[in-house]
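These are my notebook entries on one structure. I set out to look up its empty spaces, then some of the elements around them, and finally a single residue.

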Amino acid sequence: MAIKHQYDVLIIGSGAAGLTLALHLADQGKIAVLSKGDLKSGSTWLAQGGIAAVLDESDSEQKHREDTMIAGSWLSHEDAVDFTVSHGQESIQWLINQGVPFTEQEGQHHLTKEGGHSHRRIIHAADATGKAVQRTLIEKAAAHPNIDLFERYTAVDLVTRTKLRLPGNRCIGAYALNGNDGHVEAFYAKGVVLATGGASKTYLYTSNPDGSTGDGIAMAWRAGCRVANLEFNQFHPTCLYHPQAKSFLITEAVRGEGGKLLLPDGKRFMDRFDDRGELAPRDIVARAIDHEMKRLGSDCLFLDISHKPAEFIQSHFPTIYKRCMKLGIDITKEPIPVVPAAHYTCGGVMTDEHGQTDLSGLYAVGETAFTGLHGANRLASNSLLECLVYARSAATHIAAELEKPLESVTIPDWDESQVTDSDEDVIISHNWDELRRFMWDYVGIVRTNKRLQRAKHRVDLLLQEISEYYSNYKISKDLLELRNLAVVSDLIIRSAMLRQESRGLNYTLDYPDEAPEALDTILTPVNYQWQSQR
């Protein structure tokens with residue numbers, strides 16, 4: 001018989017959002033946390049800059065709200081912005097209480113400034129904030145007797161009462177592929193949380209780790225949940241350009257501390273695009289770099305902070321300094337070669353302020369979710385803050401739900417009787433490469449109607465081919481990720497085709513101006529055909 005697990009809450013994803021939620025719920029019941037890789041493999045671990053919150057007397061929550069709305073091109077939901085900003089300080093204090101070693105200077109926590117912020121409000125742990133946060137949360141979760149951590153488990157699909165032909169639809173668990181032995185296991189839970197991160201791996205060049213394949217968004221869509229604003233994909237302006245530097249981000253804090261963007265001839269250019277120069281919001285900086293690279297035919301541009309004292313650079317950016325030195329780049333003496341890369345998914349699965357999705361029993365937190373906070377462009381360092389605030393809010397709601405009596409349901413074993421081992425895995429790698437290339441070429445920083453139509457035609461063919469492959473062969477982690485990438489790519493393309501304006505991260509040559517009214521793009525899965533469960 002296949003292995004089955006029963007928990008009060010199943011959390012799919014082990015980053016800041018998932019582990020924060022687990023720790024807040026651990027005293028209420030048994031919690032399972034699934035990690036697709038090891039516990040250090042997600043985006044949180046790689047986050048450099050920090051967490052935005054009002055922690056200084058000269059700053060104010062109103063200013064943080066205004067900065068968020070401006071960066072989001074006024075598409076951010078005011079209630080979501082208010083909710084997040086107003087819970088910032090207590091969320092940071094919770095992390096401090098957990099033991100996160102934030103950087104101090106002269107007896108106080110050091111705050112830095114990043115693009116789009118009017119004040120210094122980024123609390124950080126040198127230039128490895130995510131690592132400090134994640135390491136602390138992992139240690140706390142591993143030590144709690146009510147939390148079970150499952151590494152190398154890839155979620156396959158959600159299980160709902162409707163899929164089991166039972167009345168009263170509700171999410172009751174999920175199937176997950178155990179990467180340690182290749183078998184699919186069933187997890188039953190009273191509450192299921194998607195904390196799987198974003199979908200930046202839909203693009204050829206990304207700052208994200210390999211696991212950012214939109215798994216939670218795709219699973220929620222297949223289960224009947226609405227998604228919103230998936231056309232807004234944030235491209236981080238500065239990722240290290242080097243053949244040996246896969247997905248290495250150069251934090252925005254480098255520009256916040258005086259770093260200058262330069263053309264190959266050493267001249268600055270950002271002042272021609274925005275009065276805020278290097279500290280303009282990310283969408284503006286990324287488009288400016290993309291424009292100059294295409295205009296000059298350059299493979300990269302440069303970010304220079306070498307005018308600062310060497311000691312300052314080494315103490316503020318030790319991770320970047322060490323990584324660049326290994327590649328023969330001394331950032332205390334020379335500029336850093338950089339290119340834009342897909343970085344953050346601003347849209348996602350629609351939720352309320354408690355993380356509740358359209359499907360009863362299913363929640364989404366972190367980058368997987370669409371809360372309305374980020375609008376058309378995420379303000380730097382608001383992402384980890386959103387993880388903390390909404391994870392804590394979701395925990396309160398889920399804890400109340402756990403007190404209600406629920407009918408226990410037996411989830412059927414995963415059926416592999418009709419499938420065989422594949423001898424054509426080359427199809428997976430080929431389709432993966434094709435998908436990410438046409439998304440980069442046609443649905444990237446600058447879009448047109450014709451490019452989007454080309455992308456839609458190609459993704460339709462891939463969806464059909466992947467669906468046929470999925471139905472006939474045993475699943476693997478690569479196949480599951482490709483399947484999810486294709487679904488989310490389709491949703492991104494469809495969303496971009498519906499937005500007939502340029503706003504924030506969605507810039508199209510066919511509609512270069514903003515529409516008079518800021519509206520969300522919402523997709524509803526009506527009769528969406530997809531092989532979701534055996």
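The entries below follow the order in which I looked things up.

**Entry 1: cavities.** I note at the outset that the model is predicted. I asked how many cavities of 30 Å³ or more a search of the whole structure finds. The search returned four. For the largest cavity I recorded a volume of about 60 Å³. I then listed the residues that line this cavity: Gln48, Gly49, His110, Thr112, His124, Ala126, Asp127, Thr251, Ala253, Glu257, His316 and Phe317. Sorted by class, this lining holds seven polar, three nonpolar and two charged residues.

**Entry 2: the second largest pocket.** I turned next to the open spaces and looked up the second largest pocket, which contains about 760 Å³ of space. Its lining comprises 29 residues, and I wrote down those closest to the centre: Leu204, Tyr205, Val339, Pro340 and Trp440. Which elements give two or more residues to this lining? I found β13 (233-240), β16 (336-345), α9 (282-296) and α13 (426-442). By class, I recorded 16 nonpolar, eight charged and five polar residues in the lining of the second largest pocket.

**Entry 3: strand β16.** Since β16 contributes to the lining of that pocket, I examined this strand further. Are its residues buried or exposed? I found that 10 of the 10 residues of β16 are buried, so the strand is largely enclosed by the rest of the structure.

I then looked up the pairing of β16. With β13 it pairs in the antiparallel sense, over six bridges. As one example I noted leucine 240, whose bridge partner in β16 is valine 338. Strand β15 (residues 301-304) also runs antiparallel to β16, and three bridges join the two. Here I noted that leucine 303 has isoleucine 336 of β16 as its bridge partner.

**Entry 4: threonine 20.** Last, I looked up a single residue, threonine 20, which I located in helix α1 (residues 16-25). Why does threonine 20 count as buried? Its relative accessibility is 0%, and the cut-off for buried is under 20%, so threonine 20 falls in that class. I also asked which residues threonine 20 is in contact with, leaving aside its neighbours within four places in sequence. The list I obtained is Trp94, Leu137, Leu388, Ala391 and Arg392.

Terms used
Residues are numbered from 1 along each chain as its sequence is written. This is a predicted model: local features need pLDDT of at least 70, side-chain atom pairs count only at pLDDT 80 or more; totals for chains, interfaces and linings use all residues. Side-chain values use heavy atoms; hydrogens and water are left out. On a 1 Å grid over the protein atoms alone, a cavity is a set of points where a 1.4 Å probe fits but cannot get out, and a pocket is an open set with protein on both sides within 12 Å along at least five of seven lines; lining residues have an atom within 4 Å of a point. Grid points are joined across faces, edges and corners, and a volume is the space filled by probe spheres set on the points. Ala, Val, Leu, Ile, Met, Phe, Trp, Tyr, Cys and Pro count as nonpolar, Asp, Glu, Lys and Arg as charged, and the others, Gly among them, as polar. Helices (H or I, at least four residues) and strands (E, at least two) are DSSP runs, numbered from the N terminus. Buried means under 20% relative accessible area, exposed over 50%, partly exposed in between (1.4 Å probe, protein chains only). Two strands pair if DSSP finds at least two bridges between them. Contact means heavy atoms within 4.5 Å.
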